[in-house]
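Trainee: I would like a close look at one part of this model. Please take me through the side chains that link its elements.

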Amino acid sequence: MDYLSLQFLIYLGRWILSAVVMAFPLALLIKYKCCANSKYMEYIHLVLVQIAGSFIFYNLDYYIFKG
């Protein structure tokens, strides 16, 4: 694997972008206390945000890996 390739740099940018984008729905879930009665609340929020992220970034990942 070549870590200095353009494809890797694009993927790195996408990875950083996804962290910023996914912080918003996670903050909303925490603010409105979705699943507040569960002792596994953080894990439930994480799974919900990751599912949303998969829909958001699927086409971008396809473009990057098609390469």
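How much surface does the protein chain expose, and what share of it do carbon and sulfur atoms supply? Then please turn to the aromatic rings and the charged pair.

Mentor: Keep in mind that this is a predicted model. The protein chain exposes about 5,700 Å², and carbon and sulfur atoms supply 71% of that area. The chain has 67 residues, of which 15% count as buried. Its elements are quickly listed: 2 helices and 0 strands. Now look at contacts with a separation of 6 or more. Residues 24 or more positions apart account for 62% of them.

Start with the rings. The structure holds 2 aromatic pairs. One of them joins Y11 and W15. Their ring centres are 6.0 Å apart, and the planes make an angle of 45°. That pair is tilted, because the angle is neither under 30 degrees nor over 60. Both residues belong to helix α1, which covers residues 6-31. They are 4 residues apart there, so about one helical turn separates them. Their exposure can be read off too. Y11 has 23% relative accessibility and therefore counts as partly exposed. W15 is exposed, with a relative accessible area of 51%; the cut-off for exposed is over 50%.

Y11 also pairs with F65. Here the ring centres are 5.4 Å apart and the planes again stand at 45°, so this pair is tilted as well. This pair links distant parts of the chain. Y11 sits in helix α1, while F65 sits in helix α2, residues 41-66. The two are 54 residues apart in sequence. F65 is exposed, at 55% relative accessible area. Put the rings together: Y11, W15 and F65 form one aromatic cluster.

Next, the charged pair. Side chains of opposite charge can pair when their charged atoms come close. The count here is 1 salt bridge. It is made by the side chains of R14 and D61, at 2.5 Å from N to O. That is within the 4 Å cut-off, which is why the pair counts. This pair too links distant parts of the chain. R14 is in helix α1 and D61 in helix α2, 47 residues apart. Are these two residues buried or exposed? R14 is buried, with a relative accessible area of 12%. D61 is buried as well, at 18%. Both values fall under the 20% cut-off, so both residues count as buried.

R14 has another partner. It lies over the face of F57, at 4.8 Å from the ring centre. So follow R14 on the model with two residues in view: D61 for the salt bridge, and F57 for the ring face.

Now the surface. L6, L9, I10, L12, I16 and V20 make a nonpolar surface patch of about 570 Å². Take L9 as one of its members. L9 is placed in helix α1. Its relative accessible area is 47%, so L9 counts as partly exposed.

Finish at the loop between α1 and α2, where K33 has its place. K33 counts as exposed, at 56% relative accessibility. Compare its position with that of H45. They are 12 residues apart in sequence and 9.7 Å apart in space, C-alpha to C-alpha.

To recap the links: Y11 pairs with F65 from helix α1 to helix α2, and R14 and D61 join those helices by a salt bridge.

Conventions: Residues are numbered from 1 along each chain as its sequence is written. This is a predicted model: local features need pLDDT of at least 70, side-chain atom pairs count only at pLDDT 80 or more; totals for chains, interfaces and linings use all residues. Side-chain values use heavy atoms; hydrogens and water are left out. Buried means under 20% relative accessible area, exposed over 50%, partly exposed in between (1.4 Å probe, protein chains only). Contact means heavy atoms within 4.5 Å. Accessible areas come from the Shrake-Rupley method with a 1.4 Å probe; for residues, only the protein chains shown count as cover. Rings of Phe, Tyr and Trp (its six-membered ring) pair if their centres lie within 6.5 Å; planes under 30 degrees apart count as stacked, over 60 as edge-to-face and the rest as tilted. A charge sits over a ring if NZ of Lys or CZ of Arg is within 6 Å of the ring centre and within 35 degrees of the ring normal. Patches are made of residues with over 30% relative accessible area and no salt bridge: like charges are joined within 9 Å, nonpolar side chains (Val, Leu, Ile, Met, Phe, Trp, Tyr) within 5 Å.
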